[in-house]
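Me: I would like a close look at one single part of the model below: the place where its chains meet. Please go slowly, since I am new to this, and explain each term when it first comes up.

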Number of protein chains: 2
Amino acid sequence: MTQTLPSAAVLGARAFAALDGLNRFTDEPGKLTRLYLSPAHRQAAEWTRGAMEVAGLSAFIDAAGSVQGRREGPTPGLPAVMIGSHIDTVKDGGRFDGNLGVVAGVLVAQALRDAGIALPFALEVIAFGDEETVRFPTSLSTSSALVGRYDPAWLDSRDSDGVVLRDALVAFGGDPAGIAALARKPDSIRAYLEVHIEQGPVLETENEAVGIVTAINAQKRARVRVTGEAGHAGTVPMRLRRDALAAAAEMALALEAIAAGHEQAVGTVGVFQPDPGATNVVPGAVDFTIDFRSPHNATLAEMDRQIGECFGEIAARRGVALSITPYSQDEATPMAEPLQAALAAGIARTGSNLGARRLPSGAGHDAMAMAKLCPSAMLFVRCEKGVSHSPLENMTEADAGIAIRVLLETVLELARQEA
Amino acid sequence: MTQTLPSAAVLGARAFAALDGLNRFTDEPGKLTRLYLSPAHRQAAEWTRGAMEVAGLSAFIDAAGSVQGRREGPTPGLPAVMIGSHIDTVKDGGRFDGNLGVVAGVLVAQALRDAGIALPFALEVIAFGDEETVRFPTSLSTSSALVGRYDPAWLDSRDSDGVVLRDALVAFGGDPAGIAALARKPDSIRAYLEVHIEQGPVLETENEAVGIVTAINAQKRARVRVTGEAGHAGTVPMRLRRDALAAAAEMALALEAIAAGHEQAVGTVGVFQPDPGATNVVPGAVDFTIDFRSPHNATLAEMDRQIGECFGEIAARRGVALSITPYSQDEATPMAEPLQAALAAGIARTGSNLGARRLPSGAGHDAMAMAKLCPSAMLFVRCEKGVSHSPLENMTEADAGIAIRVLLETVLELARQEA
């Protein structure tokens with residue numbers, strides 16, 4: 001028996017009810033803290049398996065702790081469209097980060113099953129467990145397991161209590177020896193789609209409910225040390241100073257200007273520590289960090305060059321020593337163009353007057369890992385003031401409904417393309 | 001029997017030998033730490049009394065712990081020319097800060113006595129004990145006692161071990177009840193002269209052994225808080241940021257430019273603390289301090305106005321909140337013009353090719369207190385790289401000798417003027 005697809009309003013209400021169910025599982029009462037392989041994670045995984053099964057998917061918790069659900073296509077073993085995100089959280093995190101994307105997948109599967117809609121491909125929903133890199137020093141380990149890029153050294157890493165990941169995984173009910181077998185063949189996944197709150201203010205500022213991610217930004221981080229000469233704040237004349245703080249302040253402003261000079265790029269000085277840091281002493285040294293990002297590898301490289309040149313000029317002019325020590329760099333992950341187009345078509349299919357704003361993602365996501373395996377795309381959803389990783393994280397039920405409806409239409413669009 | 005005055009070289013050698021004697025007294029073996037009213041201070045005071053007496057002065061340790069030495073003029077009770085500085089030090093301090101000025105006074109008295117030179121006024125040498133404000137939260141208490149501005153509340157203040165100043169003074173051998181009687185009549189001191197290392201790099205840079213202090217700078221300090229909006233370093237576009245660190249960096253550079261725009265003024269940001277101070281977070285707030293100084297009260301007021309205007313403009317333009325909370329302000333203390341002229345004459349009388357460079361003092365000195373009582377002046381002496389309040393504090397024996405010889409000639413110049 002066929003029935004019509006649920007409206008965005010209905011999907012929004014279902015999503016918020018489901019999130020209330022999922023978010024009862026926390027490692028810290030009164031907060032939402034659900035770390036990879038914790039008891040709360042295990043309970044949330046069981047809940048997710050139940051939700052998937054009720055939505056008509058065959059589901060299991062995999063060797064790495066992800067929950068995988070699947071509904072076959074016309075014949076078993078066809079390539080799948082996979083919808084997913086993660087159910088781990090940061091400490092004292094928000095309700096929507098990751099969880100929304102998992103619930104969205106479950107509700108799409110449920111709506112398609114309820115409407116009696118057959119798809120020409122398999123449909124999968126996945127709830128990854130290790131996206132936030134809070135408990136162990138891993139990097140998207142659960143999605144990397146599907147990609148076949150799980151680093152076995154991660155199993156030996158320890159959390160802050162000294163617990164080894166391997167032991168935590170066994171206690172969780174996982175299977176360290178089974179992780180390698182989780183790797184999927186590239187052809188087996190036709191598309192990976194992830195709905196996620198934006199965690200930034202762009203959509204809210206532009207009054208858009210959803211946006212299509214163009215790329216997950218390339219990113220580079222470095223520690224910078226400026227060494228001048230400490231001196232008495234009262235006795236060293238301005239012309240004889242080699243003030244490390246003034247030099248570092250000028251560099252912070254230079255980074256800001258460099259970032260502002262490239263479309264969609266950002267640059268941030270977050271840590272800034274003068275030495276000795278006393279009111280009456282001209283700082284002899286400053287340690288600060290730089291973090292800069294762009295959707296384009298070439299832009300990041302150009303920013304890097306400009307930073308080196310500009311900081312070097314400032315240091316030379318002010319007679320201070322400069323060292324820039326990069327400690328992290330990620331290439332940009334462009335989202336698959338055909339899937340961006342399918343998301344745009346999905347937006348159009350809703351018949352609403354939604355825009356199809358394209359924007360880069362400044363933060364990392366499981367889609368970064370999945371893009372190494374299969375065509376991947378993300379739909380961002382407006383959130384309140386861009387706040388995330390905080391109990392203040394918020395979004396409207398209406399926006400959640402719109403996003404899930406767009407996701408549903410996108411799956412139907414992919415089905416149309418396949419037919 | 002009259003003999004010639006000792007050369008600068010002889011005075012330098014005597015000064016360094018005397019400093020070795022005085023600096024054996026420390027509260028921390030291996031370092032020079034001589035806090036007000038400590039056992040090392042008491043021993044140093046006894047040593048200083050001995051040195052004064054051997055130099056022909058009548059000497060005593062006064063009720064507040066200063067060592068006072070006096071040689072009468074032609075008749076008892078005449079106004080005195082007083083030479084002094086302090087024998088307390090900071091923790092792990094330098095050998096010359098304060099001590100040089102006391103030794104200079106003793107050696108001048110000795111040289112005059114040895115040469116059989118009669119003066120038309122009394123000669124006094126004083127070793128103050130509480131200049132550094134390290135142990136108790138006082139402010140030039142021992143010199144203020146002479147000025148009649150000793151704040152009785154200081155007696156109730158405590159050091160970091162909870163020891164009350166009154167009790168420490170009694171244990172030292174002082175007399176809390178006798179402090180009020182230390183106040184001198186203004187007419188009783190004709191001039192106060194203080195030799196002190198510059199504690200800054202001006203004289204060294206300009207290749208001058210000594211300089212005449214024009215004023216002890218006016219000074220103002222404030223805590224500044226800039227409040228913007230914290231955000232994810234990856235997801236908040238540059239145009240939507242209210243980055244507190246970038247705003248504060250711009251203010252630090254503005255302070256630098258304002259200070260550089262006024263002759264002999266300085267301005268320093270020494271403390272600078274972003275909140276939360278994480279690599280991947282746009283800082284939501286920054287707390288920093290400003291310290292600015294000028295030899296002229298009017299210039300300090302103008303700087304204050306410029307800072308308020310400029311910081312306000314930056315805050316408004318960047319959409320951040322600004323609070324500036326002043327917590328300390330000192331008026332400028334101009335040095336007596338006739339005594340500056342006498343020091344210049346003293347320099348000329350040495351017959352050397354010394355310059356008579358005038359420069360302000362960025363740091364406070366006992367002369368700040370004494371200037372409220374009587375005409376006061378200071379002679380700065382070149383020190384190595386401007387370093388002070390450190391075991392690395394250094395100067396040459398030759399420069400010490402030059403300074404003491406200039407001081408001697410200045411006393412003779414004052415005698416000539418009196419005659």
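Reply: What follows looks at the meeting of the chains and then moves outward to some features around it. This is a predicted model, in which local features need pLDDT of at least 70 and side-chain atom pairs count only at pLDDT 80 or more, whereas totals for chains, interfaces and linings use all residues. Residues are numbered from 1 along each chain as its sequence is written, chains are lettered from A and ligands numbered from 1 in the order in which they are written, and side-chain values use heavy atoms, with hydrogens and water left out.

Let us begin with the extent of the meeting. If contact is taken as heavy atoms within 4.5 Å, then 52 residues of chain A touch 52 residues of chain B. The size of an interface is often given as the accessible area lost when the parts come together. For chain A and chain B this buried area (the accessible area, with a 1.4 Å probe, that two parts lose on being put together, summed over both) is about 3900 Å², and 63% of it lies on carbon and sulfur atoms. On the side of chain A, the residues that lose the most area to chain B are Thr235(A), Met238(A) and Thr279(A), which together account for 16% of what that side buries.

The next step is to ask how polar and charged groups take part. Between chain A and chain B there are twelve residue pairs in polar contact, both residues being at pLDDT 80 or more; such a contact is a pair of N or O atoms within 3.5 Å, where, within protein, one must be able to donate a hydrogen and the other to accept it, and residues adjacent in sequence count only if both atoms are side-chain atoms.

Several elements of chain A build its side of the meeting: α6 (202-205), α7 (244-260), β9 (266-268), β10 (272-275), β11 (281-282) and β12 (285-294) each supply at least two of the residues that touch chain B. Helices (H or I, at least four residues) and strands (E, at least two) are here DSSP runs, numbered from the N terminus. The largest share, nine residues, comes from α7(A). Sorted by class, this side of chain A has 26 nonpolar, 15 polar and eleven charged residues, where Ala, Val, Leu, Ile, Met, Phe, Trp, Tyr, Cys and Pro count as nonpolar, Asp, Glu, Lys and Arg as charged, and the others, Gly among them, as polar.

Side chains of opposite charge can pair when their charged atoms come close. A salt bridge is counted when a side-chain nitrogen of Lys or Arg is within 4 Å of a carboxyl oxygen of Asp or Glu, and four of them are found between chain A and chain B. Over all chains, the whole structure has 54 salt bridges. In one that crosses between the chains, Glu206(A) pairs with Arg239(B), and their closest N and O atoms are 3.2 Å apart.

Glu206(A) also forms a salt bridge with Arg357(A), where the closest N and O atoms are 2.4 Å apart. This second pair links distant parts of the chain, since Arg357(A) is in strand β15 (residues 357-361) and Glu206(A) is in the loop between α6 and β6 (210-216), 151 residues apart. Buried means under 20% relative accessible area, exposed over 50%, and partly exposed in between (1.4 Å probe, protein chains only). Glu206(A) counts as partly exposed because its relative accessible area is 31%, and Arg357(A) is likewise partly exposed at 22%. Residues of both chains also appear in a network of salt bridges made up of Glu250(A), Glu313(A), Arg317(A), Arg318(A) and Glu256(B).

One backbone feature deserves a look as well. Pro276(A) lies in the loop between β10 and β11 of chain A, and a cis peptide bond with omega of about 10° joins Asp275(A) to Pro276(A). In chain B, a cis peptide bond joins Asp275(B) and Pro276(B), again with omega of about 10°, and Pro276(B) is in the loop between β10 (272-275) and β11 (281-282) of chain B.

Finally, with a disulfide taken as a pair of cysteine sulfur atoms within 2.5 Å, the count over all chains is zero.
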